[in-house]
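I opened this structure to look up a few things before bench work. My list covers backbone angles, strands, cores and empty space.

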Amino acid sequence: MTSLFHHLAGKRVGVVLSAGFFGFYGHAGFVDGLLQSGVQVGAWAGTSAGGMVAAFSAAGLPPTRLAELLLAQRREHFWDPDWLGIAVDAVRKGHRPSGLLRGTRFRTLLEQFLPFATFDALPAPLVIVATNLSSQRPQIITRGELASAIHATCAYPGLFQAVRREGALLWDGGIVDKAPVLALADSTAAKGLDAYLVHYLPSRDGAKEPKGAFAWPSGLASGFAAIRRDHFRLQLEVLTARGVPTYVVESHLPPVSPRTMETGLDALDAGRQAALDALKHPPRPWSGAD
């Protein structure tokens with residue numbers, strides 16, 4: 001049977017990187033493996049951690065440099081709890097109780113290391129999806145300031161405060177769209193693309209049975225996982241009906257969290273190997289896991 005690489009060879013590929021909490025490392029390794037193998041990427045899309053890596057990739061940052069930047073970061077570089085602001089907004093009914101961290105340090109890191117400040121300046125097309133809490137809709141972002149868009153799609157519920165961008169209050173894109181392949185396919189960025197490749201990181205939270213003192217957030221996570229899974233399956237069905245070649249590489253990588261960032265190197269290596277292994281073998285149907 002024909003390998004995935006041969007299915008992609010000579011084609012302009014739209015690469016989609018899924019949400020996945022601290023999946024930055026695994027996605028960065030995956031992108032490195034793709035580009036090392038000679039896959040021609042014509043556009044990028046992503047949500048949450050995938051949105052950030054997609055943005056740096058669309059900016060043309062070499063994967064080795066992105067890996068270097070990620071591995072150099074520590075918890076204190078982005079950890080800025082906003083206890084006073086949360087307390088004040090709890091009384092004034094503001095949005096700061098939506099998350100522990102202000103996000104100022106995270107935004108500063110983005111502005112420091114992004115090679116370009118806006119979508120229009122990027123060498124490659126980029127689609128980022130966030131959750132619009134003001135309109136209760138997915139927010140597909142393809143223009144304007146880049147750092148605020150990445151900040152918004154990475155604003156994980158409860159960890160980061162919701163982000164105000166162009167008048168709307170935005171949260172993590174993974175809430176509404178785990179892997180935005182259809183958002184990419186329906187955008188102007190899809191012009192000239194021949195196929196789509198999705199790097200899909202299943203949700204660990206979704207596999208947990210709710211129990212204990214935190215059963216309610218765990219239960220919500222399970223519910224969101226079910227919705228995201230079915231939403232992604234529908235996206236694949238739509239693209240199949242359109243006759244658009246769409247491939248999914250699902251990776252189960254070493255977990256990384258704000259407290260275990262030292263495992264980032266293992267996740268990065270595993271993501272790279274996942275890409276190299278997938279390209280050597282025939283495409284596999286998506287398992288439907290989350």
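My entries follow, one topic at a time.

**Entry 1: the model**

I note at the start that this is a predicted model. I read every value below as computed from that predicted model.

**Entry 2: positive phi**

I looked for unusual backbone angles. Most residues other than glycine have a negative phi. Lysine 93 has a phi near 65 degrees, a positive value in a residue other than glycine. I found lysine 93 in the loop between helix 6 (83-92) and strand 3 (99-101). Is lysine 93 buried or exposed? Its relative accessible area is 77%, so I log lysine 93 as exposed.

Glutamate 166 also went on the list. Its phi is positive, about 50 degrees, although it is not a glycine. Glutamate 166 sits in the loop between strand 7 (163-165) and strand 8 (168-171). I looked up its relative accessibility and got 54%. The cut-off for exposed is over 50%, so glutamate 166 counts as exposed.

**Entry 3: strand 9 and its partners**

I moved to strand 9, residues 195-200. How many of its six residues are buried? Six of the six are, and I call the strand mostly covered. I checked which way the side chains point. Ala195, Leu197 and His199 point one way from strand 9, while Tyr196, Val198 and Tyr200 point the other way. Residues on both sides are buried.

Next I looked up the pairing. Strand 1 (residues 13-17) runs parallel to strand 9, and five bridges join them. Within that pair, valine 13 stands opposite alanine 195. Strand 10 (residues 246-250) also runs parallel to strand 9, again with five bridges. There, valine 198 has valine 248 as its bridge partner.

**Entry 4: helix 8**

Helix 8 covers residues 146-153. Eight of its eight residues are buried, and I log the helix as mostly covered. The buried residues include Leu146, Ile150 and His151. Ser148 and Thr153 are buried too.

**Entry 5: nonpolar cores**

In soluble globular proteins, nonpolar side chains tend to be buried together. I looked up how that plays out here. The largest nonpolar core has 70 residues. Those with the most contacts inside it are Leu8, Phe24, Met52, Phe78, Leu126, Ile150 and Leu197. Helix 3 gives the most to this core, with seven residues. A second, separate core has 22 residues, including Ala183, Ala189, Phe232 and Leu239.

I picked leucine 126 for a closer look. What does leucine 126 touch, not counting residues up to four places away in sequence? The list is Trp44, Ala54, Ala55, Ala58, Phe119, Ile141, Thr142 and Leu146. Leu146 is also one of the buried residues of helix 8.

**Entry 6: the cavity**

Rolling a probe the size of a water molecule over the atoms shows where empty space is left. I searched the whole structure and found one cavity of 30 Å³ or more. It holds about 350 Å³ of space. The elements that give two or more residues to its lining are helix 2 (24-37), helix 3 (48-58), helix 4 (63-72), helix 7 (104-113) and strand 6 (158-160). Helix 7 supplies the largest share, four residues.

The lining has 22 residues, and Phe24, Met52, Leu70, Gln73 and Phe106 lie nearest the centre of the cavity. By class I get 19 nonpolar, two polar and one charged. Phe24 and Met52 were on my list for the largest core as well.

**Entry 7: the second largest pocket**

The second largest pocket has a volume of about 340 Å³. Its lining has 16 residues, and Val248, Val249, Glu250, Ala278 and Arg284 lie nearest its centre. Strand 10 and helix 11 (264-280) are the elements that give two or more residues to the lining. Strand 10 gives the largest share, four residues. The classes divide into 10 nonpolar, three polar and three charged. I had already met Val248 as the bridge partner of valine 198.

**Entry 8: valine 176**

My last lookup was valine 176, in the loop between strand 8 and helix 9 (181-185). Its relative accessibility is 26%, so valine 176 counts as partly exposed. Leaving aside neighbours within four places in sequence, valine 176 is in contact with Val129, Ala130, Thr131, Pro138 and His231. The C-alpha atoms of valine 176 and proline 157 are separated by 12 Å, at 19 residues apart along the chain.

Technical notes. Residues numbered from 1 in each chain as written. Predicted model: local features only at pLDDT ≥ 70, side-chain atom pairs only at ≥ 80, totals over all residues. Heavy atoms only, no water. Buried < 20%, exposed > 50% of the residue type's maximum accessible area, 1.4 Å probe, protein only. Contact = heavy atoms within 4.5 Å. Pairing = 2+ DSSP bridges. 1 Å grid on protein atoms, 1.4 Å probe; cavity = no way out; pocket = protein on both sides within 12 Å on 5 of 7 lines; lining within 4 Å. Points joined across faces, edges and corners; volume = space filled by probe spheres on them. Nonpolar A, V, L, I, M, F, W, Y, C, P; charged D, E, K, R; others polar. Core = buried A, V, L, I, M, F, W, Y, C linked by side-chain atoms within 4.5 Å.
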